Amino acid sequence: MTKPTNYSLLKDLPIKQYSLCLLILFSMVAFSCHKKQFKWKTRKKNTVELIEEKDSVLRLEGVSDDPRYGYTQDRPIKIGVASFYLGRNYPEKYFKSITGPHGEKVIFERIKSCCPFKTVNSSEENYQNVAVLEIYQAYYEGLEKPVTFYVNFFDQGKPLAPKGFLVKPFK
């Protein structure tokens with residue numbers, strides 16, 4: 001003789017709700033098993049040891065001619081150096097190194113990380129060569145609304161100010 005099973009919870013649910021519950025459960029299981037594959041952005045190791053700095057101001061090489069430089073995730077500001085740990089404060093130092101178009105002080109705030117990508121400049125042991133961009137908002141007095149910037153502090157690039165900003169004088 002078999003013991004009767006208590007299905008009272010299932011009997012109380014209409015068939016549509018029961019089917020919806022199963023569909024949601026199946027979807028959660030299916031999506032949790034999906035492994036995201038990241039595309040390689042950089043296979044070139046950083047060679048720059050440090051970006052020259054003085055009083056937490058980085059020496060930038062001018063203003064970019066590219067109107068998308070820094071403003072889009074596919075053209076981020078690249079300020080990486082060979083030692084990730086020495087360069088981890090570079091995003092903040094970078095924003096202290098630019099000014100508004102008339103020399104206004106730039107105020108900045110880190111918003112979040114986004115946009116994972118593969119790079120040889122991220123730790124293979126700890127992060128499996130996956131890095132993220134950092135999103136910052138910056139503004140200066142007279143700017144109507146904050147500007148959003150994408151910063152890659154894993155990969156090196158020519159450190160420039162984005163179009164619409166100036167390089168703070170390096171003394």
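This report looks at aromatic ring pairs and one charged surface patch in a predicted model.

**Aromatic pairs**

The structure holds nine aromatic pairs. Two of them are set out below.

| Pair | Distance between ring centres | Angle between planes | Type |
|---|---|---|---|
| Phe-95 and Tyr-136 | 5.0 Å | 40° | tilted |
| Phe-149 and Phe-165 | 5.4 Å | 70° | edge-to-face |

Take Phe-95 and Tyr-136. Their planes stand at 40°, so the pair is tilted. Phe-95 sits in helix α4, which covers residues 90–95. Tyr-136 sits in strand β7, which covers residues 130–139. The two residues are 41 apart along the chain, and their pair links distant parts of it. Phe-95 is buried, and Tyr-136 is buried too.

Now take Phe-149 and Phe-165. Here the planes stand at 70°, so the pair is edge-to-face. Phe-149 belongs to strand β8 (residues 147–152). Phe-165 lies in the loop between β8 and β9 (166–167). The pair therefore ties together parts that are 16 residues apart in sequence. Both of these Phe residues are buried.

Which residues do ring pairs link into a cluster? They are Tyr-71, Tyr-94, Phe-95, Phe-108, Tyr-136, Tyr-140, Phe-149 and Phe-165.

**A positive patch**

On the surface, Lys-96, Lys-105, Lys-168 and Lys-171 form a positive patch. One of these, Lys-168, is found in the segment after β9. Its relative accessibility is 34%, so Lys-168 counts as partly exposed. That label fits because partly exposed runs from 20% to 50% relative accessible area.

Conventions:
Residues numbered from 1 in each chain as written. Predicted model: local features only at pLDDT ≥ 70, side-chain atom pairs only at ≥ 80, totals over all residues. Heavy atoms only, no water. Phe/Tyr/Trp six-rings, centres within 6.5 Å; stacked < 30°, edge-to-face > 60°. Helix = DSSP H or I, 4+ residues; strand = E, 2+ residues; numbered from the N terminus. Buried < 20%, exposed > 50% of the residue type's maximum accessible area, 1.4 Å probe, protein only. Patch = residues over 30% accessible without salt bridge, like charges linked within 9 Å, V, L, I, M, F, W, Y side chains within 5 Å. Areas by Shrake-Rupley, 256 points an atom, 1.4 Å probe, with all protein chains shown as cover. Salt bridge = Lys/Arg side-chain N within 4 Å of Asp/Glu carboxyl O. Lys, Arg positive; Asp, Glu negative; His and termini not counted. Charge placed at Lys NZ, Arg CZ, Asp CG, Glu CD.
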